[in-house]
Amino acid sequence: MAAATSAKTLVLRSKDECKWDLVSLGEVMLRLDPGDVRVATARQFNVWEGGGEYNVARGLRRCFGLKTSIVTALADNPVGRLLEDLMLQGGVDQSHVLWTKYDGVGRTTRNGLNFTERGFGVRAALGCSDRGNTAVSQLKPGQIDWDEIFGKEGARWLHTGGIFCALSETTPEVAKEAMIAARKHGTIISYDLNYRDSLWKSIGGKARATEVNRELASYVDVMIGNEEDFTAALGFEIEGAGEDLAELDTGSFRRMIEKAVTKFPNFKAVGTTLRHAKTATVNDWGAVCYYDGAFHEARPMPDLEIFDRVGGGDSFASGLIYGFLNEKGADWAVNCGCAHGALAMTTPGDTTMATFDEVQRVMKGSGARVQR
C-alpha cells in the first residue's frame, strides 16, 4: 500500500480495500434557526443538525453518493437522539458515535446547541453557540480505535478541522492521534482551518489557535480554509488585505499559499474559498486550489444570491474532496467545490440539499431556468 506522504500528488487507497470513502472527526450540534426573524425575538425555531467536519461527510453522502462515517460523541438524552434521527436522514454512518451517560442536567456532559440567524441585506448573519462541556469536547486519546477504522475497516480519507480542535485541551490530541493512525494506513488527511474567534477567545485567542493549528498542519495532505483562516489560524499574512478582508487580490493570496506550502512541504493540495460579502444576501463567490505546483481557479460567481451562508465552505470542501477521490483533476475538483458551495447557500440549514446533477449544471454555467 502506498503511503499518502510518498509524493507531491495525492496517492489514494483503493476503493476495494476500504469500507469508507471518508471518515470525519468532529462535533455535531443541534442548530436552531429562527427563520426570517432574529434569535432574540423568535417564538419558534426550525432545527437542523450541523458541524463543520460532519457537514463534509454528509455532503459527500447525500449529494455525491459516497460511503462516509462520523466519529463524534453525544450525550444520551432526547436532544442527542434528535441529532441521531437527523443524521439518519443524512445517511452518514453512526457506528463510531460514542454515547455518553447523561447526568440529568448537563453538569458533566451535554449536547451542543447553535442558534444561527441568516442575516439579510446590511444585517449580517449571526451565530450564538451554547456548547460548553459537550460530550465530544471531552474526548481523550485512547478512546477511539483508529486502527480498527483505518486498518480493519479501511478509509480512503480522513477529514477534521479547527472547530473540533478548539473545543478543549484534549481534542487537538485526539485529532493528532487520528492523523498519525491515518498516515500509518495510507489514508489521505484533510483539515479545514475554520477559524472561529468565539471558540478561541477565552483559551488564548489567535496566538493559541496558531500554535495548535501549526502543530497539526505538519500531518495534513490537503489544507482547506478561507483568507481569514490562513491569517488567524496559521499566521500567514496576505499582502494588501485590510483587516476586514473585504477586498482580496487573488495574486496576493496565491503568494501566501506558496509561503504555506514552503513552510509545510507535506501539503499536497491547498483549497480555499474566496468571498466578498457585499451584503448578507449578495456575495461575490469563488475558489482557488493549489495542487502539484499549479494554481487552479474556479469560475467566479459575482453577485451570488445567498439564502443561508452557513455551511457554504463545508460544501466547497466536500465537492473538492469528491473531485480528488474520483481522480477528476484539481481544476474539476475546485469547480465542483465552488458550485456545490454556491448551491448549499441557496437553502436553509448547515447541510447541502443539492443534487449531483445540479452541481454539474452550475459547473457548466447553466442558468436557473425551471427544470421540469
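Where does H96 lie with respect to α2 and β5?

**Figure 1. Surroundings of H96 in a predicted model.** The view is centred on H96, which occupies the loop between α2 (78–90) and β5 (97–100). The relative accessible area of H96 is 16%; because buried means under 20%, H96 is classed as buried. Setting aside residues up to four places away in sequence, H96 touches W20, S69, I70, V71, T72, I149 and E153. C128 is not among these partners; H96 and C128 are 32 residues apart in sequence, and their C-alpha atoms are 28 Å apart in space.

**Figure 2. The protein as a whole.** This view provides the setting for the close-ups. The protein contains twelve helices and 14 strands. Its radius of gyration is 19 Å, close to the 21 Å given by the globule rule for 372 residues, and the protein is therefore as compact as a globular protein of that length. Along the principal axes, the C-alpha atoms fill a box of roughly 55 × 55 × 50 Å. Of the 372 residues, 56% are buried. Among contacts between residues at least 6 apart in sequence, 71% join residues at least 24 apart. The protein exposes about 15,700 Å², of which carbon and sulfur atoms supply 49%. It carries 43 positive and 49 negative charges, and the mean positions of the two sets are 2 Å apart.

**Figure 3. The largest nonpolar core and W146.** This core has 55 residues, and those with the most contacts inside it are W146, F164 and M223. Helix α5 (residues 171–184) contributes six residues, the largest share of this core. W146 is in contact with L25, V71, G151, V174, E177, A178 and A181, leaving aside its neighbours within four places in sequence. A second, separate core comprises 53 residues, including Y54, A57, V222 and A333.

**Figure 4. Helix α1, an enclosed helix.** Helix α1 spans residues 52–62, and nine of its eleven residues are buried, so the rest of the structure largely encloses this helix. The buried residues are G52, E53, Y54, N55, V56, A57, R58, G59 and L60. Two of these names, Y54 and A57, also appear in the second nonpolar core. An α-helix has 3.6 residues a turn, so residues three or four places apart point the same way.

**Figure 5. Y322 in helix α10.** Y322 belongs to helix α10 (residues 312–325). With a relative accessibility of 9%, Y322 counts as buried. Leaving aside its neighbours within four places in sequence, Y322 is in contact with L60, F64, L66, W332, C336 and F356. One of these partners, L60, is a buried residue of α1. Another, F64, is 258 residues from Y322 in sequence, with a C-alpha to C-alpha separation of 7.3 Å in space.

**Figure 6. N283 and C289 in strand β12.** N283 lies in strand β12 (residues 282–291), and C289 is found in β12 as well. N283 counts as buried at 2% relative accessibility, and C289 counts as buried at 0%. Leaving aside neighbours within four places in sequence, the contacts of N283 are R275, H276, A277, K278, M301, P302, D303, L304 and I306. With the neighbours of C289 within four places left aside, its contacts are V270, G271, A294, F295, H296, L320, F324, A330 and V334. R361 is 72 residues from C289 along the chain, and the C-alpha atoms of C289 and R361 are separated by 21 Å.

**Figure 7. D292 and D303, two non-glycine residues with positive phi.** D292 has a positive phi of about 50 degrees although it is not a glycine. This residue is placed in the loop between β12 and β13 (294–297). At 47% relative accessibility, D292 counts as partly exposed. D303 is likewise not a glycine, and its phi is positive at about 55 degrees. D303 lies in strand β14 (residues 301–305). Its relative accessibility is 45%, and D303 counts as partly exposed. D303 also appears among the contacts of N283.

Note on methods. Residues numbered from 1 in each chain as written. Predicted model: local features only at pLDDT ≥ 70, side-chain atom pairs only at ≥ 80, totals over all residues. Heavy atoms only, no water. Helix = DSSP H or I, 4+ residues; strand = E, 2+ residues; numbered from the N terminus. Rg over C-alpha atoms; globule rule 2.2 N^0.38 Å. Buried < 20%, exposed > 50% of the residue type's maximum accessible area, 1.4 Å probe, protein only. Contact = heavy atoms within 4.5 Å. Areas by Shrake-Rupley, 256 points an atom, 1.4 Å probe, with all protein chains shown as cover. Lys, Arg positive; Asp, Glu negative; His and termini not counted. Charge placed at Lys NZ, Arg CZ, Asp CG, Glu CD. Core = buried A, V, L, I, M, F, W, Y, C linked by side-chain atoms within 4.5 Å.
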